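Let's take a walk through this protein together. Have the model open and turn it as you read.

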Amino acid sequence: MSKIVVIGANHAGTAALNTILDNYKGNEVVAFDSNSNISFLGCGMALWIGKQISGPEGLFYSNKEKLEGKGARIYMETPVEDIDYEKKVVHARGKDGKEYHESFDKLILATGSVPIVPKIEGIDLKNVQLVKLYQNAEEVIEKLKDESIKDVVVVGAGYIGVELAEAFVRCGKEVTIIDCVETCLSGYYDKDFTDIMRDNLKAHGVKLAFGETVQKMEGSGRVEKVITDKGEHKADMVIMAIGFRPNTALGGNHLELFRNGAFLVDKYQETSVKGVYAIGDCATVYDNSVQEVNYIALASNAVRSGIVAAHNSCGKDLESVGVQGSNGISIWGVNMLSTGLTLTKAAKLGIQAAAVDYEDLQKPAFIEKNNQKVKIRIVYDKESRVVLGAQMTSEYDISMGLHMFSLAIQEKVTIDKLKLVDLFFLPHFNQPYSYIALAAQKAE
Ligand SMILES: Cc1cc2nc3c(=O)[nH]c(=O)nc-3n(C[C@H](O)[C@H](O)[C@H](O)COP(=O)(O)OP(=O)(O)OC[C@H]3O[C@@H](n4cnc5c(N)ncnc54)[C@H](O)[C@@H]3O)c2cc1C
Ligand SMILES: NC(=O)c1ccc[n+]([C@@H]2O[C@H](COP(=O)([O-])OP(=O)(O)OC[C@H]3O[C@@H](n4cnc5c(N)ncnc54)[C@H](O)[C@@H]3O)[C@@H](O)[C@H]2O)c1
């Protein structure tokens with residue numbers, strides 16, 4: 001029997017706790033979290049703010065009681081302040097100031113990430129909002145009740161920014177989205193695809209301020225405008241969504257870090273200190289598309305890494321299969337999905353990649369209803385011909401198709417293997433000649 005301490009009990013921590021408690025009886029399991037809630041699905045934030053769901057209740061899948069019911073001891077609102085890696089003790093402090101000291105045999109760090117906050121003038125003005133926690137979503141919804149909030153500026157046109165831009169338009173606000181890059185979603189898609197999302201945002205009335213860098217915010221107490229290198233934007237509320245950074249202060253000088261400060265872990269989620277694991281947004285992943293360690297903050301990675309660390313901390317060897325960073329977004333019915341490398345990213349990394357594109361209807365033309373266009377790009381290595389990435393977009397739900405590409409990258413499948421791959425056909429779903437195979441056949 002060993003004593004396992006988990007620090008952070010959101011998606012990664014909860015996955016680790018559930019795996020330990022469900023599969024390995026008899027361990028002493030203790031977890032600390034500085035927040036007052038567990039397992040808030042940030043992915044529901046835009047749906048909640050944009051009134052596409054009736055409330056936040058369904059956005060939680062665990063809590064202190066559930067985990068304690070399985071035998072863990074959970075300290076909420078109790079941040080861990082320090083870890084003695086030599087003596088193997090964690091030191092935490094409750095809301096009431098009470099100190100807690102827990103020894104451990106195995107330690108799992110699941111301290112996640114925090115939003116990046118630029119050090120610019122005006123960042124502390126009222127109504128400049130971060131959007132990470134359940135409490136942040138509550139704050140935004142509360143503030144939106146104030147009808148004098150008419151203009152909302154979203155800084156960062158990545159996944160959070162684009163999802164929230166839609167949500168604020170749905171709330172009847174005038175929305176401007178700023179990104180320092182010339183387009184939106186540039187971390188996930190090539191230009192042909194980002195152009196589609198750009199046009200989608202524009203068609204729904206979002207003002208685009210791409211290629212602009214925010215220099216400061218102005219207002220008397222409350223934010224009134226955002227000043228960029230190219231102009232200024234009226235703002236009654238500003239949403240900062242320019243990415244996450246790993247929250248790794250607890251590593252001190254003890255744990256080896258990745259270039260962005262994430263805990264560097266091996267395929268067993270173990271850090272540079274034996275018996276200390278790191279999972280989720282505070283840790284690195286092994287990225288199969290580049291065959292290297294990388295940092296990709298996603299809930300999907302968080303839960304899988306939690307499962308891997310849990311088994312290893314309980315003595316069962318389980319190696320991670322790595323990730324492809326597979327992701328998706330759905331904005332006013334335009335679905336976009338990507339996995340692995342874009343052509344742009346491959347070029348930046350000096351990888352000799354090529355891409356094939358194909359556009360078709362999802363189903364045979366004689367299907368007159370719910371039969372939308374699909375656009376696909378497959379990126380592959382010119383020399384080895386191994387699939388490196390894929391991007392898909394449609395108003396049809398094409399999400400299951402992307403999973404195949406995720407597996408193809410993981411398993412190093414070549415583009416040639418996709419040319420005649422057995423893909424079932426039924427007109428209710430698809431065409432006899434699949435656009436996936438037809439795209440692959442374009443690879444010379
Ligand atoms: C608006 C939004 C939408 C998102 N949508 C998606 C999506 O659709 N799909 C997707 O895959 N990902 C999405 N993500 C990303 C996803 O939420 C994160 O990747 C995920 O939360 C990572 O989980 P985690 O448990 O590793 O870290 P976190 O969620 O950051 O949790 C870390 C936990 O550690 C606790 N903690 C930190 N420091 C301490 C300490 N010193 N002591 C005790 N406790 C501590 C924190 O209180 C927190 O509960 C979204 C994120 C946001 C904000
Ligand atoms: N649908 C999903 O899967 C989903 C949804 C939300 C969040 N997430 C994940 O959560 C994490 C955080 O999301 P995010 O949207 O904050 O990050 P992101 O990396 O998706 O986007 C950040 C955006 O901010 C821009 N940017 C960076 N610095 C800037 C600056 N100084 N000024 C203006 N723009 C700047 C970048 O060009 C980029 O477009 C990501 O890992 C994301 O994948 C995923």
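Which element gives the most to the shell around ligand 2? That's helix α5, which puts in four residues. Keep in mind as we go that you're looking at a predicted model.

Stay with ligand 2 for a moment. Its surroundings come to 27 residues, and the closest are Gly 156, Gly 158, Tyr 159, Ile 160 and Ala 297. Helix α5 has company here: β11 (174–179) and β21 (327–331) also supply at least two residues each. Sorted by class, the shell holds 16 nonpolar, nine polar and two charged residues. Domain 1 (3–114 + 244–314) and domain 2 (117–240) each contribute at least three residues to the shell around ligand 2.

That brings us to the overall layout. Alongside domain 1 (3–114 + 244–314) and domain 2 (117–240), the protein has a domain 3, covering 336–442. Measuring tape out: between the C-alpha centres of domain 1 and domain 3 there are 34 Å. UniProt, in an unreviewed entry, lists residues 338–428 as "domain: Pyridine nucleotide-disulphide oxidoreductase dimerisation". In the model, that span is 20% helix and 32% strand, and its end C-alpha atoms sit 24 Å apart.

Now swing over to ligand 1. Here 32 residues make up the surroundings, with Gly 8, Asn 10, Gly 42, Gly 112 and Gly 280 the closest. Two helices, α1 (11–23) and α7 (299–313), each bring at least two residues to this shell. By class, you get 16 nonpolar, 13 polar and three charged residues around ligand 1. And where does ligand 1 lie relative to the domains? Domain 1 and domain 2 both give residues to its shell, so ligand 1 lies between them.

Finally, look inside. In soluble globular proteins, nonpolar side chains tend to be buried together. The largest nonpolar core in this model has 74 residues, and Val 154, Val 162, Leu 164, Val 238, Ile 239, Ile 378 and Val 379 have the most contacts within it. Helix α5 (residues 159–170) turns up again, giving the most to this core with seven residues. Another core lies apart from that one, with 48 residues, including Leu 17, Ile 20, Val 80 and Ile 83.

To get a feel for the packing, click on Ile 239. Setting aside neighbours within four places in sequence, Ile 239 is in contact with Gln 129, Val 131, Val 152, Val 154, Val 155 and Leu 164. Two of those partners, Val 154 and Leu 164, are also on the list of residues with the most contacts inside the largest core.

Key
Residues are numbered from 1 along each chain as its sequence is written. Chains are lettered from A and ligands numbered from 1 in the order in which they are written. This is a predicted model: local features need pLDDT of at least 70, side-chain atom pairs count only at pLDDT 80 or more; totals for chains, interfaces and linings use all residues. A nonpolar core is a set of buried Ala, Val, Leu, Ile, Met, Phe, Trp, Tyr and Cys residues joined through C-beta atoms within 7 Å. A residue is buried if 20 or more other C-beta atoms lie within 10 Å of its own, exposed if 12 or fewer, and partly exposed in between; C-beta atoms are placed from the backbone. Two residues are in contact if their C-beta atoms, placed from the backbone, lie within 7 Å. A residue is near a molecule or strand if its C-beta atom, placed from the backbone, lies within 6 Å of it. Ala, Val, Leu, Ile, Met, Phe, Trp, Tyr, Cys and Pro count as nonpolar, Asp, Glu, Lys and Arg as charged, and the others, Gly among them, as polar. Domain bounds come from an automatic or database domain assignment. UniProt positions are given in the numbering used here, feature names are shortened, and annotations may be inferred rather than shown by experiment.
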